[in-house]
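Q: I'd like to go through this structure with you before I get back to the bench. Can we take it piece by piece?

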Amino acid sequence: MKEKTNKYLIAALILGLVFHGSTIFFTIENTYDALIHLFFAEHYANNWFEPWNYKWYTGFTVMGYPPLVHQAIGLFSLLGGLKFGLFTVGLIAVVLFITGVYRFSLLMTASKKAAGYAALLAVFSSTFIETLHIFGQLPSIIGISLLMHSLPEIYLWIKTGKYKYLIRAISLISVTVTSHHVTPIFGMVFFIFPLIGMAIMDDATDKVQDVKKVKLKIFIASFFKLFKRIIVFGGLSLVSIVFCILPYWINTKKNPITQVPIPHGSRDNFLEVTSSGLVFFLIPWGILLFLLPYIFYRFYAKRYLFFGLSITLLTILGTGGTTPIPKLMLGDTAFNILTLDRFTLWASIMSLPIFGEFAYRFAEGDLRSLIQLKYGAIYHRVLGGFLVGLFLLMSVFTITLSYFRPMQPQKIATLPITNFLNQDQHDHWRFLTLGFGDQMAWLSAQTNALTVDGNYHSARRLPELTTRAVERLENSKFRGIEGIGSLQQFLSVPEKYNLKYIFSNDKFYDPLLYFCGWQRLQQLENGIMVWEKLNVPPLSKILPKEDVPTFLKLMWGIIPMLMVVIAFIINLQVIWYQTLKTKVVSKPAFLKFTNSYHKFNKNIFRISHLWALIILGFMAYGAYLFYVKNTTQLTGENVVRSYYDALDFKEFERAHSYLNPKSDVSIAQYMLEVSVTDGILSSYAKMDEIKVEIITTAKHHAKAIAKTKWITPLEKIEKTFTHELIKIRGKWYIEPSSYDRDIPPDQLFSNNSTQFYNHGRRRITTQETYHEDVLKQPVLEILSAKLVQNEDHYSIIGELQNIDNVPADVVIKATLYNDNNEELANYNAKYMIKHKLLPKETTSFRIDFEGVAWLDTNTSIPETFNPDEFTPIELKDIPTQFNLQTAGNVATTDLYKQVSLASLKVEKENVEGTLFNYGIQEVTIPQLLISYYDENKELIWVDSQFMQEGVRVQRKQDFNFKLKRLNCLYLINSSLENTFVNGLPNKDIADKVIPNRIETHQRENLQQVERLNFSFFKIEINNYIGNPH
Amino acid sequence: MNRKFIYILIVGLAIGFSSFSNFYIEELPEAKLLEKKTEYEAGSIVLKFKASALENPQLFLHYSYGSTLIKAERLNNNDIKFTIPENISTKTGQVDWKLITTKKTILKGTFKITPKNTAYPYLESYFGPTSIQAGDRDYSMLVVVPTDHYDNPLPDNTPIHIKKQFLQSISEREVFTENLMGWKNIYTEKKAGLMAVMSTCFKSSSKELVSQIFPSTATDFTINFNRNHAYADGNQLTEFVTSEIKDEFDNTIADGTTVEFVIKDQNNYYLKTAAATINGVAKAKMLHPDHPETWKVKAYIIGMAESDVITVNYQSILADFELKFIENKEILKVGLLKSYMGQVIPDGARVNLSIYHEGNYIESKKSTSNHGEVIFNLPSNFYPEKEYLLEVSTLGLTKSIEIKKQ
């Protein structure tokens, strides 16, 4: 018989290329992984044989990920750029996947039609769309596609024992492993073992003519007969898996993944975290959920029995943390390392042949006749329309998911950033991006500059990163305490990492940057704010690297592409014959094992209907729950909750709708009142928790206390609000709270201030900055410095003054020593200092010694967010001496001091007061630095307090705080001996600039307190301006 | 002695002699340096030798940056010539040379390279720090390094003329280079301003280099205040102004110097405001208190200078205010609050309400005035008792009223 071209396959390929080929341009750049692959590809394009990459994580090796896809993109990029390479490889993946599904289906069903249907369905299957267009997991797709291509060859080798099949199988497995290492390993368990089982079963069937007659004994006999082939195949594939990516295995052994696992949505309880349920369960399964009974029925047929077991396992493992079973099966470690979504992916891909078979039977086979016979042709058409509609709906929904729920920040034009980095030697320092999402990988691919961050978390090396579940510093706010904690360490001690520039795309981090001593440099054309830190040394010319033997580099560079070439040559012949029909190829052995599609099982028909009804019932119930959740004004508690929820999401119109409609606060008025409040709480906070307590209730009135907890970049804020509630026509409302009606005295006023400008370089040159353009470092003087112990941790406190005639940016670093002059720890001043000082301005400071948090992986990591969390450093001895190094650099920004302390009242430890802003800038976050003094007016402690609301121009803002008790405070050492300013001894420089200092000034105006274990305190004000103009 | 040993001895001696035969003393071929100079100026240097019989002559050079071997060029008259490579011949210092053939050193010698004589040396000059303090303690240092065209420093004792300009005066002096450079500490002046220096060496001049002389530390000063009126309305601003602050040499202190104004109120609380100076004057503002008050104000430039103490009085704007209940004693109205001329007080005056029941404090409420009035809601649902004492305080006055419900 002459072989005919399979129309369905051709149609599937055309459809696939057109559909994915056109959508891929709009989706893949927004996926989680694609840009990371691009970054790796850029690496190979420029350094094919050099595995060390300096750009991320202070250097890492690309031997941590199989290279094939990256190298392929890198090769194509030489033709038409990196993105061309990405799209080309994406299209190759589409073709490989569709043909792979076809071959796998043909092997399973032995029906060209069913396989054709499967190929068609594969094009639009939601699991494939999700993996390609949402996750961008190209290596994974190429891996699984090649695995499917290898399955018929493996089967034929086991079944026939012909060596050509073995060679083809091994060559395909080799390519698979160079593309994705996990696929062949798990594929061995979940795809190849069942396949071998099926081959043995078929062999046994051959003996007894009918699969039903196969008994255990016959099966075992066949098993022993084929045992040698299985062993040969198993051994060879193991060798190829180990050999082809040997450098990877060596690297894994050398740098074992000791990091704290990063939480992944696929381990969530899908019923609790519905978004994870959607992405990791509903979408991959898609319409297959309705067909589960049929799929399982078919897979538990005797021939497919092993596939049945495999798919059961995959299905269960894919449910993540919904049931405890996956955790029990995998054990804690594996459960926390593996991302479980891949099990669902494989289960749904494994189902595709059966899905194809179902489609075939439904469209033109026995199922169609059965339905038409039983319920008539109309029902068949309606049902068909429903299924096809649902299927396509699912596909469209999946591919547009990232449009409706963007998973990445808006696309950022990288050109202004790369230009900035190339300018003025800015790439001599490391940079950091904030709020870029995965686009940071694309930026890294575009520039030669190095970053401390990175986007391939298995390669993280710094303990500040590996000990926490922080994927990237970049998105640290989403990782709560650990994220911000890691970020703070990088921001406080940037010298350690030569980190000088930060590109911020998220204003959430602004206060954190400011209070850590960073300053805004400029806003780029693409809206990205560049922050800069002064006094950071540039990178050294030679950076450390971990070298590997040359043969590993050669293996890594040569083998993957070589394997592709070999596989291509070996398989080309087959593809040639199959597509061009130049020669009649002998029918593969598996085509003999056809299924009978004449009588659809009636029980399964009924069960499927029932199952579909159950699923529909679940869906309806879910929709109902969703609806009920929205009854916001049913109780007083609900309305307060909803009100804060609306405020949290800045949905002011919704918030306004909860206010008493009779209170005549119009939406316009409400918006005005809201818009004028600025500050850390209204501009930088995210609500973490709310507890509503109804304290007094009457029939139509109630009083509620809302205890709220807010997360801000600086600290966790707890704030209690009291609301009066009113019930009108069965609905509860909130009485609007009164707002501050204060009227500023002047409508228009003028204000003179001194402003500074620093040219940087006056000459346009690529050389080092000219000598005469280098400004003198402003001279500072340390007025006092003390090493104190408060409870169980040590701090250095003190006061310093800018005694120069120009404004100074202050960096202060303290080092602790023990009695034997051994260094114990060092750290920089973080929040407890005014980093920018005008001439002759003073500031108190406190330096805490922070350790790398949770270095000991056994300590439990708190689950809730606390940006203020502090990990005291573990010292190996008691510190008794210290060294203080301060450096001044000319500052020209953030010098706003026009906020006065307008009233003050102290009652026991309660301090109440008012700030008044008399200048022309709106202060977003005022910080109060509070210094404590003993009865001799000696400084004993420094603390700080961030105010929750900003101070607008010519307005008052009240504050209150509690003074600290200071019960366990000990002075260890008070000395100015080892204090240095700009590298010179403090005393010499002070004597020279101010020989006749009036020492009493600092002690003259301290606020006295009574009945506390200190005698005086002082308040200083540090102003953060969010939007300077 | 056995025979074996003798054999070994004979063979050993034979080998020994045969190798000795290679070390016969050879007669060295003759060679002579044609121009015996021990000093060359930096530039191109050529050594010529008369050495016709030499086979494959080479010159081994040892100099401060390393050693090298150069090949000879044969001249027509069979003399040989070595051109010293530029990287050696343009650097000052000592060069040792050895003329060698394949087998042996023939001649050796040494010469010195001196800087190239020039009337137009290059001048590398540095002046820093670029800002210093007025007075007599501080200075900037001028460092001049005159070099020849090959970047070799000129010899010691090369004269350098230094000129300094400050305000109207230009002064001159001469220094001599020592250890490759000439330098001079240029002391500061008592006046603040820009000091410019330049240097010349032979016929070359350097560029202009400047150092900013900033004023010295401030001296004591006086303060004053401006305000629209003397009423404690909690709304207007009082401006505190310093006199023009000067340093000990009568320079106006640097712009941007922080002056801190500390206010001590009647209750001994310290309030604060601060400002940076412009032309020596700092102007800081403060909100009027909202109650009668006497402030004692003193300003500081911390550690350096202070002002006198001034007293500022604020008068009460309000003699009395009204309290009344409306709507069945569920709403308390405070006001009308009137200001010093009898006008309605500007919005935002603060009013505190404290609620007591049978002498026990229950709670307090705060509000701000709107059109001179403040309204407190006291719904009987929340205040179920029959009697309450309400204490209202605003603008320094306190009044009480009782609720008595039937």
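Q: What is the strand order in the open sheet of 4 strands in chain A?
A: This is a predicted model, and in it the open sheet of 4 strands in chain A has the order 21-20-27-26, with antiparallel pairing.

Q: Which strands stand at the edges there?
A: Strand 21 (939-946) and strand 26 (1007-1008) of chain A do, and because each has a single partner strand, one side of each is left without a neighbour in the sheet.

Q: And how many bridges join strand 20 to strand 21 of chain A?
A: Strand 20 (residues 925-933) of chain A is joined to strand 21 of chain A by 7 bridges, the two running antiparallel, and within strand 21 of chain A it is A:Q945 that stands opposite A:L928.

Q: Switching to helices, where does helix 15 of chain A bend?
A: Helix 15 (residues 325-337) of chain A bends at A:G331, by about 115°.

Q: Is helix 15 of chain A largely buried or in the open?
A: Of its 13 residues the number buried is 1, so helix 15 of chain A lies largely in the open.

Q: OK, what domains is chain A divided into?
A: The division gives domain 1 (138-254 + 551-573), domain 2 (415-532), domain 3 (631-734) and domain 4 (775-1024), and the centres of domain 1 and domain 4 of chain A, taken over C-alpha atoms, are separated by 66 Å.

Q: Last thing, where is confidence lowest and where highest in chain A?
A: The lowest mean pLDDT, 66, belongs to helix 21 (residues 463-466) of chain A, while strand 15 (residues 836-837) of chain A has the highest, at 96. Over residues 853-867 of chain A the pLDDT is below 50, although this stretch has 27 contacts in the model beyond near neighbours in sequence. Where pLDDT is low, the predicted coordinates should not be read in detail.

Key. Residues numbered from 1 in each chain as written. Chains lettered and ligands numbered in written order. Predicted model: local features only at pLDDT ≥ 70, side-chain atom pairs only at ≥ 80, totals over all residues. pLDDT = per-residue confidence, 0-100. Contact = placed C-beta atoms within 7 Å. Pairing = 2+ DSSP bridges. Domains from an automatic or database assignment. Bend = angle between axes of the 7 residues up to and from the residue. Buried ≥ 20, exposed ≤ 12 C-beta atoms within 10 Å, placed from the backbone.
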